[in-house]
Amino acid sequence: MGKSESIVLFGPPGAGKGTQSGLISQITGKPQVSTGDMLREAVASQTEVGVKANDYMEKGLLVPDKIIIDLIRMRLLREDAKSGLLFDGFPRTLAQAVELDGLTNVTMVLSLVVPDEDIVNRITGRRTDPHTGEIYHVVHRPAPDPIKPRLVHRSDDTEDTVRNRLKSFHDQTSPLAEYYSERGVLVPIDGSGSMEDVSKLVKQSLINNFRG
Ligand code: ADP
């Protein structure tokens, strides 16, 4: 049997990966896997992984590769991973990318490109509905009034932490764009517009590049 074929959604923190991943998953049929969400679940349920990861996440540092790679290996064993997955927020280091290549074929890397200045503003105003996972913004996408009281602000969505997360991205993650570009699988998308604008560009690039 051949290796499964997976898609990577790539970009800095706050680029809109979580917002666009539902659409991409719907179009491609690939289940979405977010290492950030997996880690936050582990932190909330205080598992061994969660306890270790929490310190790094609160500081805006990357969680060590070994922890992440173990999570991904476990995830790929599940039945729904057979024909590949949509990875959001993974890989974030060269070691993670090399590991992933041994586990599945990465056939497309959608890269959401957003300038740093926009990111700080987006992330500090970001709020999530814990019931539905829907992502809102205090200015750009306010939640309906009845939902507002239950919205949560991620504890790592503060200005200082965002600057550290951006630094981690530029130092450790952005070199992966070149790694994937050399293989001809990188598809850059302008992620600086509105959610709807970006969704249109995402759909178009899937039509042009996805052979599922
Ligand atoms: P964002 O991309 O908006 O920063 P995520 O939810 O993807 O948010 O990640 C939150 C935090 O979880 C990161 O700052 C990092 O500490 C940790 N994390 C998530 N995915 C990875 C990964 N693949 N490798 C290392 N750390 C990770």
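This briefing walks through some local features of the structure above, one topic at a time.

The model is predicted. A good place to start is helix 8, where Leu176, Tyr179 and Tyr180 are buried. Tyr180 also shares with Phe87 the top place for touching other members of the largest nonpolar core, a set of 25 residues. From there we move to strands, aromatic pairs, and a few residues in loops and in helix 1.

**Helix 8 and its two sides**

- Helix 8 covers residues 175-182, and its buried residues are Leu176, Tyr179 and Tyr180.
- Looking down the axis of helix 8, these buried residues fall within an arc of 90°, so they line one face of the helix.
- A general rule helps here: an α-helix has 3.6 residues a turn, so residues three or four places apart point the same way.
- Glu178 and Glu182 are exposed on the other side of helix 8.
- The cover over the buried residues of helix 8 includes strand 1 (5-10), helix 5 (94-103) and strand 4 (105-113), along with helix 7 (159-173) and strand 7 (186-190).
- Just after helix 8 comes Gly184, with a positive phi of about 75°.

**The nonpolar cores**

- The largest nonpolar core has 25 residues, and Phe87 and Tyr180 are the ones that touch the most other members.
- Two or more residues of this core come from each of strand 1, helix 3 (48-59), helix 4 (65-76), helix 5, strand 4 and helix 8.
- Helix 4 provides the largest share of this core, with five residues.
- A second, separate core is made of 20 residues, among them Val114, Val187, Val198 and Leu206.
- Setting aside neighbours within four places in sequence, Tyr180 is in contact with Pro91, Ala97, Leu100, Val106, Val109, Val185 and Leu186.

**Strands side by side**

- Strand 1 pairs with strand 4 in the parallel sense, over six bridges.
- Val8 has Val109 of strand 4 as its bridge partner, and Val109 is also one of the residues in contact with Tyr180.
- Strand 4 also runs parallel to strand 7, and five bridges join the two.
- Here the bridge partner of Val113 is Asp190, in strand 7.
- As a general guide for reading such strands, the side chains of a regular strand alternate between the two faces of the sheet.

**Aromatic pairs**

- The whole structure holds three aromatic pairs, and two of them are described here.
- The ring centres of Phe10 and Phe169 are 5.9 Å apart and their planes are at 50°, so this pair is tilted.
- Phe10 lies in strand 1 and Phe169 in helix 7, 159 residues apart, and their pairing links distant parts of the chain.
- Phe10 counts as buried, at 5% relative accessibility.
- Phe169 is buried too, with a relative accessible area of 10%.
- Phe87 and Phe90 form a tilted pair as well, at 5.5 Å centre to centre and with 55° between the planes.
- Both Phe87 and Phe90 are buried.

**Unusual backbone spots**

- Most residues other than glycine have a negative phi, and most peptide bonds are trans.
- Against that background, the peptide bond from Phe90 to Pro91 is cis, with omega near -5°.
- Pro91 sits in the loop between strand 3 (86-88) and helix 5.
- Gln46 is not a glycine, yet has a positive phi of about 50°.
- You will find Gln46 in the loop between helix 2 (35-44) and helix 3.
- At 65% relative accessibility, Gln46 is exposed.

**Two buried polar residues**

- Asp157 belongs to the loop between strand 6 (135-137) and helix 7.
- The relative accessible area of Asp157 is 1%, so this residue is buried, the cut-off being under 20%.
- Beyond neighbours within four places in sequence, Asp157 is in contact with Ile123, Thr124, Arg126, Val162 and Arg165.
- Ser25 is part of helix 1, which covers residues 17-28.
- With a relative accessible area of 18%, Ser25 is buried as well.
- The Ser25 side chain reaches the backbone oxygen of Lys30 at 2.7 Å.
- Leaving aside neighbours within four places in sequence, Ser25 is in contact with Lys30, Pro31, Gln32 and Leu86.

Conventions:
Residues numbered from 1 in each chain as written. Predicted model: local features only at pLDDT ≥ 70, side-chain atom pairs only at ≥ 80, totals over all residues. Heavy atoms only, no water. Buried < 20%, exposed > 50% of the residue type's maximum accessible area, 1.4 Å probe, protein only. Helix = DSSP H or I, 4+ residues; strand = E, 2+ residues; numbered from the N terminus. Arc of directions from axis to C-beta. Contact = heavy atoms within 4.5 Å. Core = buried A, V, L, I, M, F, W, Y, C linked by side-chain atoms within 4.5 Å. Phe/Tyr/Trp six-rings, centres within 6.5 Å; stacked < 30°, edge-to-face > 60°. Pairing = 2+ DSSP bridges. Polar contact = N/O pair within 3.5 Å; in protein donor to acceptor, adjacent residues only side chain to side chain.
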